[in-house]
Amino acid sequence: MTIQTTRSGTRRADAQRNVERILDAAVTCLARRPSATMAEIAKEAGLGRVTLYGHFASRPELVDAVVARVIDRGESNLAAVDLAGDPREALGRLIRTSWQLVDESKSVISAAWNELPAERIQQLHKAPAARVEQLIERGREEGQFRTDMPVTWLVAVLHQILHGAATELAAGNLDAAHAPELITSTVMSLLDRRSSALISVRPPPAGADACHCVVSGDV
């Protein structure tokens, strides 16, 4: 091994350590304040702003890396959830674990919504979303979950319920002890096959405005 190769390897190791320090600092700062600045994050990491910008050219780029890291680490928890057996019970277990992860990273998620485009956030959540989609599909096949709405839509709504709960918790409108039960109950009500409705549009009543119509649903 040459001296040049050794120095190159040392520089790469130093750079990786700096990246980890920056990401750790970003998580800490964003937890305190989702709008934390790059200067605050550099100070928390014990590095200069030049070093920080050498690794992350902008705040959105840094937030993107933080979110990717949080989701990647959360994947090990989600992958460990037992999804066998009754789809409703399996989904309940998955929701409770998902809520724990969302609650722990709610400030990072808030920063992501302010910095990243919706399509990027959706891309970052691709693996967790796929797991939920597969479980809902199985529940539909077994006659437990509704089939009148696209699975992708149901997953998107579940995602919004989780993040809406985090927002309500932060605002003091939701009791942390009751959150998992409330979220699970809401999602199960949404997915229940008995919630499926046949939507029809009836002609407007006589004398009503031409734009008026009546939507009815039979459960």
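1. Start with helix α4 (residues 59-79; helices here are DSSP runs of H or I, at least four residues, numbered from the N terminus). With 21 residues at 1.5 Å each, α4 should span 30 Å, and its end C-alpha atoms are indeed 30 Å apart, so the two agree. The expected span is 1.5 Å times one less than the number of residues. Among the buried residues of α4 (under 20% relative accessible area, 1.4 Å probe, protein chains only) are R59, D64, R69 and E75, along with L62, V63 and I71.

2. Keep in mind that this is a predicted model, where local features need pLDDT of at least 70, side-chain atom pairs count only at pLDDT 80 or more, and totals for chains, interfaces and linings use all residues. Residues are numbered from 1 along each chain as its sequence is written, and side-chain values use heavy atoms, with hydrogens and water left out.

3. On confidence: pLDDT (the predictor's confidence in each residue, from 0 to 100) averages 86, and 84% of the residues score at least 70. Helix α2 (residues 38-45) comes out highest at 96, while strand β1 (residues 198-202) is lowest with a mean of 43. Residues 210-219 also stay under 50. Where pLDDT is low, don't read the predicted coordinates in detail.

4. Now the packing. The largest nonpolar core (buried Ala, Val, Leu, Ile, Met, Phe, Trp, Tyr and Cys residues joined through side-chain atoms within 4.5 Å) has 30 residues, and W99 is one of those touching the most other members. Helix α9 gives the most to this core, with 9 residues. A second, separate core of 26 residues includes V67, which is buried in α4.

How values were computed. Helices (H or I, at least four residues) and strands (E, at least two) are DSSP runs, numbered from the N terminus. Buried means under 20% relative accessible area, exposed over 50%, partly exposed in between (1.4 Å probe, protein chains only). Contact means heavy atoms within 4.5 Å.
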